[in-house]
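Please open the model in your viewer, with the selection panel at hand. The tour below goes from the chain as a whole to single side chains, and at each stop it says what to select and what is there.

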Amino acid sequence: MMKRKGLLCMGFLLLFLLFSGCGAEENSIAWHIGLTSASQIETVRIYSGFSASDAVNGVIRAESADLTGTGEGRQYIASLFSTQAEKIQAPEAALPGTAVKGMAVFALKTDSRPAYQEITIRIKEADEEGVTVEAYLSYSEAERLRRMEEEDRSLGETRFFVLKEENEIWQPGYLEKLAESRAE
């Protein structure tokens, strides 16, 4: 009963976010990143967990699913704008070669990405502190060119967060099962 009530509340929040075009809640992942509206997101894709051995020449060989325009995709977008997150320093789980427990990739619309073109949320670990995620922000072409003028050759930036509230869709097992069930 409580689960159904929670999903119903999430649904209303989702509808509110999508139709109001309102900004991100303070201390949400989107707020920390600087997104202002759910309408900035063009596509949503999820991947099941994977390790370094599953990536060959930059291509991830994990189960994936395109959730763009689906109820699940709208849930991930709404959660990006509502789930409370605390920005942290890079944890041990960020070491190279550490397995990723699941991943959601949000591509931004070209007319709304002054600095970023894509946001990749990698689930690193889940423990009693909460779910630790890595947000990799890929720079847009215009931002990369601007940074190159300043001798900065980076392609993006990485930030780490601990999600401060329990949210089923960011749990590694949930994301993995969803990706596998919707695999293309």
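**The chain as a whole**

Buried residues make up 42% of the 184 residues in the chain, where buried stands for under 20% relative accessible area, exposed for over 50% and partly exposed for what lies in between (1.4 Å probe, protein chains only). The model is a predicted one, in which local features need pLDDT of at least 70 and side-chain atom pairs count only at pLDDT 80 or more, while totals for chains, interfaces and linings use all residues. Residues are numbered from 1 along each chain as its sequence is written, and side-chain values use heavy atoms, with hydrogens and water left out.

Colour the chain by secondary structure to see five helices and nine strands; these are DSSP runs numbered from the N terminus, helices being H or I with at least four residues and strands E with at least two. Read from the N terminus, the order of the elements is α-α-β-β-β-β-α-β-β-β-β-α-β-α. With a surface display switched on, about 9900 Å² of the chain is exposed, and carbon and sulfur atoms supply 52% of that area, as computed by the Shrake-Rupley method with a 1.4 Å probe, for which only the protein chains shown count as cover for residues. Among the contacts in the chain with a separation of 6 or more, 64% are between residues 24 or more positions apart, a contact being heavy atoms within 4.5 Å.

**Strand E1 and its two partners**

Select residues 41-50, which are strand E1, together with residues 100-108, which are strand E6: the two pair in the antiparallel sense over eight bridges, pairing being assigned if DSSP finds at least two bridges between two strands. To find a matching position in this pair, label Ser48, which stands opposite Gly102 in E6. Then add residues 64-66, strand E4, which pairs with E1 in the antiparallel sense over three bridges; here Arg45 stands opposite Asp66.

**The last helix**

Move to helix H5, residues 172-181, and show the side chains of Pro172, Leu175, Leu178 and Ala179, which are buried. Seen down the axis of H5, the buried residues fall within an arc of 140 degrees and so line one face of the helix, the arc being that of the directions from the helix axis to the C-beta atoms. Against which elements do the buried residues of H5 pack? They pack against E1, E4, H3, E6 and E7. Turn the helix over, and the face directed away from its buried side carries the exposed residues Lys177 and Ser181.

**Two aromatic pairs**

The structure holds two aromatic pairs, counted for rings of Phe, Tyr and Trp (its six-membered ring) with centres within 6.5 Å, where planes under 30 degrees apart are stacked, those over 60 edge-to-face and the rest tilted. Select Tyr76 and Trp170, an edge-to-face pair with 5.1 Å centre to centre and 90 degrees between the planes. Tyr76 lies in helix H3 (residues 71-82) and Trp170 in the loop between strand E9 (156-163) and H5, so the pair ties together parts that are 94 residues apart in sequence. Tyr76 and Trp170 are both buried.

Next, select Tyr116 and Tyr139, whose ring centres are 6.1 Å apart and whose planes are at 15 degrees, so that this pair is stacked. Tyr116 is in strand E7 (residues 116-127) and Tyr139 in strand E8 (residues 130-139), 23 residues apart. Tyr116 counts as buried at 10% relative accessibility, and Tyr139 is buried with a relative accessible area of 3%.

**Salt bridges**

How many salt bridges does a search of the whole structure find? It finds ten, each defined as a side-chain nitrogen of Lys or Arg within 4 Å of a carboxyl oxygen of Asp or Glu. Stay with E7 and E8 and select Glu134, whose side chain meets that of Arg122 in a salt bridge (2.8 Å, N to O); Arg122 is in E7 and Glu134 in E8, twelve residues apart. Glu134 is buried, with a relative accessible area of 9%. The side chain of Glu134 also meets that of Lys124 in a salt bridge (3.6 Å, N to O), which links positions ten residues apart, and Lys124 is buried as well.

For the last stop, select Glu143, Arg146, Arg147, Glu150, Glu157 and Arg159, which are linked in a network of salt bridges. Within this selection, Glu150 forms a salt bridge with Arg146, the closest N and O atoms being 2.9 Å apart. Glu150 is exposed, with a relative accessible area of 51%, whereas Arg146 is partly exposed at 35%.
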